[in-house]
Amino acid sequence: MEDRDERIDRLRQMAGRMRRTALALTLSAGPHGAHIGPSLSIIDICAVLYGGVLHVNSNNPRWPERDRFLLSKGHGALGFYTALGEAGFFTPEELYTFEKPESLLTGQPAMCVDRGIEISSGSLGLGLSIGIGVALAGRKTRRNYKTYVLMGDGECNEGTVWEAAMAAAHFRLASLVAIVDANGMQSDGACSAILDMGSHENKWRSFGWETRCVNGHDVGALFDAFTAARSNPDCPLAVIASTVKGKGISFMENNNDWHHNRLTQEQHDAALLELAD
Amino acid sequence: MLPINASNARLWSMLGSRGTFGVAMLDAAAGMDSLMVLTADLSVTSGLERFRVTYPDRFLNVGIAEQNMMGIAAGLAKEGYRTFATTFSNFAAMRSYEQVRLHLGYMGLNVKVIGLAGGMAMGQFGNTHYGIEDMALMRAVPGLTVIAPADGAEIVKTVETMMKHEGPVFVRLTGAMNNPIVYTSDYKFTVGKAVRLREGADVAIFACGTMVYEAMQAAKKLEAQGVSASVTNIHTLKPLDGQAIEEACSYASLLVTVEEHGIIGGLGGAVAEYTARRGGAPRQLFVGLPDRFGMNGDYKYLMHKYGLTGNQIAGKVMEALGCRTGDGSKKLALVE
């Protein structure tokens with residue numbers, strides 16, 4: 001049985017591998033480039049979910065009791081795909097078809113339940129509503145799965161997020177977990193400068209959610225946020241994860257040039273050196 | 001299953017399209033455990049109150065939030081629920097269009113969108129409630145089937161069919177209370193297969209929704225004026241029944257499309273897209289709502305105002321044939 005320290009160490013190593021793979025895939029995408037910055041901000045979250053929280057089985061991808069993970073911020077695809085690779089849904093060779101013609105691994109996810117991709121995403125603000133339907137279905141069929149929806153903080157500009165936030169609380173969907181990747185940046189710059197939404201914690205709480213604020217790069221804290229007993233078993237849970245866009249690569253961190261960009265071989269190699277354990 | 005007979009047809013006419021939809025859903029839901037019906041705070045006006053009371057576990061009111069409703073419907077459908085999402089037709093087509101495009105089209109989820117009060121049924125409220133672009137929008141979404149039932153019986157047929165049909169569908173309901181009756185006996189309803197209701201030799205009229213009845217009236221009027229017009233109920237706009245159009249092209253010298261919808265992108269557009277690719281088809285007369293926002297008014301007033309009654313349609317056909325309205329005892333060459 002793995003103890004806490006061992007689990008944290010394993011999840012950290014998994015996140016490290018995912019970062020290296022995400023960089024390699026960005027390089028392989030060539031002139032298309034990739035959303036590397038907003039993927040790096042969610043990699044620790046995805047590592048914790050796929051490495052320690054979600055009940056999913058790549059050998060039985062339609063297992064009715066599986067937990068459902070919906071990537072609402074579709075531009076975090078590389079954080080998601082690298083986690084699916086770690087979880088056995090894609091081989092390393094398949095991962096390298098990323099953004100290639102006819103690939104299952106489009107620049108933003110396209111639904112393929114047999115490979116662990118539960119929904120198509122890319123247009124922002126739509127995932128949480130789908131998550132409500134998925135969670136309602138689970139309750140109606142008396143299944144015990146949980147539904148996780150990962151959004152960006154910029155994505156929360158979209159009004160549909162708040163339609164869904166109201167409804168999830170109204171329907172008392174305790175099995176629904178919203179994760180806000182609060183990296184503080186969106187496509188055109190700082191969230192606070194573009195549309196200052198104030199405190200996400202206060203917003204989600206006022207919409208009727210139990211909220212947990214966590215360092216989104218602390219795998220132990222993330223694990224606890226997802227697994228600790230709930231103080232209010234009737235509420236959906238919002239995990240507000242403070243993150244850094246471009247996390248782990250000094251020249252990408254908090255630099256919106258890397259929201260979506262191509263990567264040169266030199267940049268790739270320099271980035272890899274920073275990730276060496 | 002509800003029997004289609006004259007008595008039920010009268011009842012459904014009296015109830016109007018929304019009331020009939022509610023009756024049909026209540027009947028068709030029996031034994032359908034994996035069924036969910038969603039409303040965005042319009043259950044009463046959708047005719048779904050009895051359904052709500054009878055099947056509270058299969059009914060969900062999401063509040064006034066059509067986009068969220070379509071997302072929730074998608075999530076339920078993804079998990080195996082046959083899901084009906086109901087709201088006014090133009091709200092479904094416009095407020096939640098992207099959800100329809102991505103969740104129903106792109107992901108192909110098994111959601112049946114029921115668009116209530118398409119066309120001018122809500123005309124007294126003004127243009128916010130007109131559905132004049134809904135078919136054009138929904139028809140443009142890849143993978144989406146688009147159905148516009150002609151009358152109460154066809155609404156019943158459509159609902160029964162939707163309980164078995166797999167894949168995303170937009171069903172557009174038209175008409176107010178006391179809807180005209182087209183069908184008083186049972187018939188074969190197949191998605192994508194048009195129904196020729198009347199044979200003709202000179203003119204082929206294609207219609208959908210409430211306009212099927214008016215097209216039949218127009219054909220009678222034309223007959224009295226010496227023009228033989230067929231009438232085909234194109235209840236499924238997408239996929240379009242090309243064979244029905246081919247048949248019309250073989251005998252008619254004028255194709256006429258009649259719809260309670262703007263003349264851009266609806267039934268007329270669908271037929272024209274087909275014939276343009278085909279080449280050599282007869283000229284087409286588009287009868288529908290003009291390309292502008294219209295006046296407010298009750299349903300009958302608006303139908304008349306926009307020339308969508310049987311008599312007016314016949315007059316437009318005569319005009320297109322080069323005859324003056326009312327004196328078309330002989331057929332003339334088509335005017336350019």
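Helices (H or I, at least four residues) and strands (E, at least two) are DSSP runs, numbered from the N terminus. This is a predicted model, in which local features need pLDDT of at least 70 and side-chain atom pairs count only at pLDDT 80 or more, while totals for chains, interfaces and linings use all residues. Residues are numbered from 1 along each chain as its sequence is written, and chains are lettered from A and ligands numbered from 1 in the order in which they are written.

**View 1. A cis peptide bond leads into Pro239(B).** Let us begin with a small backbone detail. The bond that joins Lys238(B) to Pro239(B) is cis, and its omega is near 0°. Pro239(B) sits in the loop that runs between β10 (236-238) and α9 (242-251) of chain B. As background, most residues other than glycine have a negative phi, and most peptide bonds are trans.

**View 2. Asn254(A) and Asp41(B) each have a positive phi.** Asn254(A) is not a glycine, yet its phi is about 55°. Look for Asn254(A) in the loop between β7 (237-242) and α11 (265-275) of chain A. For Asp41(B), also not a glycine, phi is about 65°, and this residue belongs to the loop between β1 (35-39) and α2 (49-54) of chain B. Are these residues buried or exposed? A residue is buried if 20 or more other C-beta atoms lie within 10 Å of its own, exposed if 12 or fewer, and partly exposed in between, with C-beta atoms placed from the backbone. Asn254(A) is partly exposed because 16 other C-beta atoms lie within 10 Å. Asp41(B) is partly exposed too, with 15 other C-beta atoms within 10 Å.

**View 3. Seven strands of chain B form an open sheet.** Follow the strands in the order β2-β1-β3-β4-β6-β5-β10 of chain B; their pairing is mixed. Here two strands pair if DSSP finds at least two bridges between them. At the edges are β2 (59-61) and β10 of chain B, each of which pairs on one side only. From one strand to the next, the twist averages 20°; axes are lines fitted to C-alpha atoms, for helices over the stretch in contact, and angles run from 0 to 180 degrees between N-to-C directions. Strands β1(B) and β3 (residues 82-88) of chain B run parallel and are joined by five bridges. Within this pair, Val37(B) stands opposite Phe84(B) of β3(B).

**View 4. Helix α1 of chain B lies across three strands, β1, β4 and β6 of chain B.** The helix covers residues 6-28, while β4 spans 111-118 and β6 spans 169-174. Relative to β6(B), α1 of chain B runs at about 130°. Two residues count as in contact if their C-beta atoms, placed from the backbone, lie within 7 Å.

**View 5. Chain A meets chain B.** Here 17 residues of chain A are in contact with 20 residues of chain B. On the chain A side, α6 (127-140) and α7 (159-170) each supply at least two residues. Which element gives the largest share of that side? It is α6(A), with eight residues. By class, the chain A side holds ten nonpolar, six polar and one charged residue. In this grouping, Ala, Val, Leu, Ile, Met, Phe, Trp, Tyr, Cys and Pro count as nonpolar, Asp, Glu, Lys and Arg as charged, and the others, Gly among them, as polar.

**View 6. Gly75(B) touches residues of chain A.** Gly75(B) is part of helix α3 (residues 66-78) of chain B. Gly75(B) is buried, because 31 other C-beta atoms lie within 10 Å. Leaving aside neighbours within four places in sequence, Gly75(B) is in contact with Ile130(A), Gly131(A), Ile132(A), Gly133(A), Val134(A) and Ala137(A).

**View 7. Two domains of chain B touch each other.** Domain 1 covers 6-174 and domain 2 covers 195-320 of chain B, with bounds that come from an automatic or database domain assignment. Taken over C-alpha atoms, the centres of domain 1 and domain 2 of chain B are 25 Å apart. Their contact takes 25 residues from domain 1 and 28 residues from domain 2 of chain B. On the domain 1 side, the elements that give two or more residues are α6 (134-139), β5 (145-147) and β6 of chain B. That domain 1 side has twelve nonpolar, eight polar and five charged residues.
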